[in-house]
Amino acid sequence: MDNLKDNFKEFIEAINAIKIKFLSHLREKETSIHIYTHLDADGLSAGAILGKCFLRENIPFQITVLRQLEKQEIEKILKNIKNSNNFIFFTDFGSGQYLELQNELILKENFDSFIILDHHLPQDIDSKEDTDKLNRAYKNTRQWHINPYFFGFEGSLEISGAGLCYFFAKSLNKKNMDLSFNAIIGAIGDIQNQGPNKSFIGLNLRILENAKELDLIEVKSDLNFSSIKPLNEAIAYSKEINLPGLTGDVNRTLLFLKSLGILMENSDGNIRSLNELDKDEKQKITSAIIEYASLKLDIEPNKIIEKLIINRYLLNSEVEGSELHDLAEFSNLLNACGRLNSASLGIAIAMGDRKIAYKKSQEILINYKKKLLDSLLWLKDNQKIQQMEYIQYFFGEDIITESIVGTIASMLVFENSEEFDKLKPIFGLAKREDENVYKVSARAHEKIVNKGVNLSNAIREACNRSNLDVLGGGHPPAAGTKIPVDKVEIFLKNCNIAIRKQLYKK
Ligand code: C5P
Ligand code: C5P
Ligand code: ZN
């Protein structure tokens, strides 16, 4: 425990030191700020936190959202710094490219007016256990690089990119503690609430405490079904809870609910949603489902409860039932904006816009949900998932584009489907429109991550073995890269080998 306390102290001191460097730069030079961030919910939340905190200090800033900090993007940034006087922030990426940034910006251009706030394992470091390499990287980059692994924190689970921006913002001004809810949205986007009943651990828990202290967020236990869909649909189409006999069948599910003596229609004649039920009704349903599942599935009640009951993180300032009230839905909305070419709307909403940007986002959300649903159906109906011995993969063809291929791969892994083999990682490949490359998004179920699968390493190894000079990486359960079209076969073959080695040490 003391060790953890020391680590936290060191982490905060490192952030303070970087803040001091930043403030002295601001005092010395007339400068504006350029934030580069990632296009997913975490990246947009990270950008929004910094944006909001600079706005409050009257510091001019702009935000650029990138699909990834690739080599070509770094080249473009290099050109930009020559013509401007910007101070740069890299958020939710940058650690996986830190050597590249060090080479291109500091060594070649003598430009060190930048800060990386990122939670990915740093470039060329394979594991959090590699403390020698981590210590060396920390020592060499501490002037401009904050990464949780330097302080013994697990970046995949304990803190997101948005969380790091939150600690930086809080160090600039305590007032920014009211941005703690944005950091929780980022962490949910990166699926970091993986403790029992979707709880948070580590640094995320500290952020959540800040949000609770300010009465921004309420944490409520609830049934793990959509709170806004008609309840029979929410149960029948749940992606996480499988109830043989009810799953997939909305009519039987409705009969099941009615048999509990619960009135299922509201005054408008529509089926009620979870949001519309009171505590006693929810309790009745919970007990009935536990009984039903333990009969049909032969699973212990406490195992069922772990999945059936979850924490909901509710934003007190938002209207109950709106997308923004439940932070999981908020995060989904940001993902929709980022992935459907409307990142600026997402940032505006995360920074507080509830008018134009929020209105526009409603249509995007509908399109996003439809696109995901159509893509999954297309994959299944046409049996597009192909098998190798240790991995599986699919090509998105004209249907699954680069911006959603990662989300589709995640959904396959999380979905409650017996057709999908959770014991092999999945690699989704989407041809990029403006370049002769495939974007690769790999995802693995926790069952195999716990047995040693680390997709970030597997992708880096496969790139090396295939002689590909590209950046790649991520986290053990989720990683990505891009590869030239003519190298796809060899790359997949090498991924297959890398996973075999991780699982069977041969
Ligand atoms: O770049 P960043 O770390 O923010 O992105 C992590 C990505 O990996 C997110 O898109 C998240 O949804 C995905 N993920 C996943 N499964 C996990 C953890 C993260 O699909 N277990
Ligand atoms: O792009 P995708 O959603 O598949 O990315 C999964 C994870 O891998 C994210 O955390 C992302 O930031 C990371 N990634 C990376 N380097 C790349 C591509 C993806 O670190 N070149
Ligand atoms: Zn992230």
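Which helix does alanine 234 lie in? Here is a short tour that starts from that residue; please keep in mind that the model is predicted.

1. **Alanine 234.** Helix α9, made of residues 231–236, is the home of alanine 234. With a relative accessibility of 4%, alanine 234 counts as buried. Leaving aside residues up to four places away in sequence, alanine 234 touches Phe225, Ser226 and Lys229. If you measure from C-alpha to C-alpha, serine 273 is 8.1 Å from alanine 234 in space, while the two are 39 residues apart in sequence.

2. **The domains.** It helps to have the overall division in mind. The protein chain is split into domain 1 (2–215), domain 2 (217–315) and domain 3 (385–504). The centres of domain 1 and domain 2, taken over C-alpha atoms, are 39 Å apart. Contact between these two involves 13 residues of domain 1 and 11 residues of domain 2.

3. **The shell around ligand 2.** Now to the ligand. There are 15 residues around ligand 2, and the closest are His120, Lys439, Ser441, Arg443 and Gly473. Domain 1 (2–215) and domain 3 (385–504) each supply at least three residues to this shell. Sorted by class, the shell holds 10 polar, 3 nonpolar and 2 charged residues.

4. **Polar atoms facing ligand 2.** Which side chains bring an N or O atom to 2.8 Å from an oxygen atom of ligand 2? Lysine 439 does so, with an N or O atom of its side chain 2.8 Å from a ligand oxygen. Arginine 443 also has a side-chain N or O atom 2.8 Å from an oxygen atom of ligand 2. On its own, ligand 2 has 450 Å² of accessible area, and the protein covers 90% of that. Two or more residues of the shell come from each of β11 (437–443), β12 (473–475) and β13 (478–484). The largest share, 4 residues, is from β13. Glutamine 68 belongs in this picture too: a side-chain N or O atom of glutamine 68 is 3.5 Å from an oxygen atom of ligand 2.

5. **Asparagine 147.** Is asparagine 147 buried or exposed? Its relative accessible area is 0%, so asparagine 147 is buried. You will find asparagine 147 in the loop between β5 (145–146) and α6 (161–172). The side chain of asparagine 147 makes a polar contact with the side chain of serine 95, at 2.9 Å. Beyond residues up to four places away in sequence, asparagine 147 touches Ser95, Asp118, His119, His120 and Pro122. One of these, His120, is also among the closest residues to ligand 2.

6. **Lysine 451.** For a contrasting setting, look at the loop between α17 (446–449) and α18 (455–465), where lysine 451 sits. Lysine 451 is exposed, with a relative accessible area of 56%. Not counting residues up to four places away in sequence, lysine 451 touches Gln502 and Leu503. Glutamine 502 is 51 residues from lysine 451 along the chain, and their C-alpha atoms are separated by 8.4 Å.

7. **Two helices with buried residues.** How many of the 10 residues of helix α7 are buried? The count is 9, and the helix, residues 180–189, is mostly covered. Among the buried residues of α7 are Phe181, Asn182, Ile184 and Ile188. In α4, the buried residues are Tyr98, Glu100, Leu101, Glu104, Leu105 and Ile106. These buried residues of α4 pack against α3 (71–82), β3 (86–91), β4, α5 (131–141) and β5.

8. **Positive phi angles.** Most residues other than glycine have a negative phi. Three residues here are worth a look with that in mind. After α7 comes isoleucine 191, whose phi is positive, near 55°. Asparagine 110 has a positive phi near 55°, and its place is the loop between α4 (98–107) and β4 (114–117). Asparagine 110 is exposed, with a relative accessible area of 68%. Asparagine 341 has a positive phi near 65° and is located in the loop between α13 (327–339) and α14 (343–350). Asparagine 341 counts as exposed, at 77% relative accessibility.

Conventions: Residues numbered from 1 in each chain as written. Chains lettered and ligands numbered in written order. Predicted model: local features only at pLDDT ≥ 70, side-chain atom pairs only at ≥ 80, totals over all residues. Heavy atoms only, no water. Buried < 20%, exposed > 50% of the residue type's maximum accessible area, 1.4 Å probe, protein only. Polar contact = N/O pair within 3.5 Å; in protein donor to acceptor, adjacent residues only side chain to side chain. Contact = heavy atoms within 4.5 Å. Near = heavy atom within 4 Å. Areas by Shrake-Rupley, 256 points an atom, 1.4 Å probe, with all protein chains shown as cover. Nonpolar A, V, L, I, M, F, W, Y, C, P; charged D, E, K, R; others polar. Domains from an automatic or database assignment.
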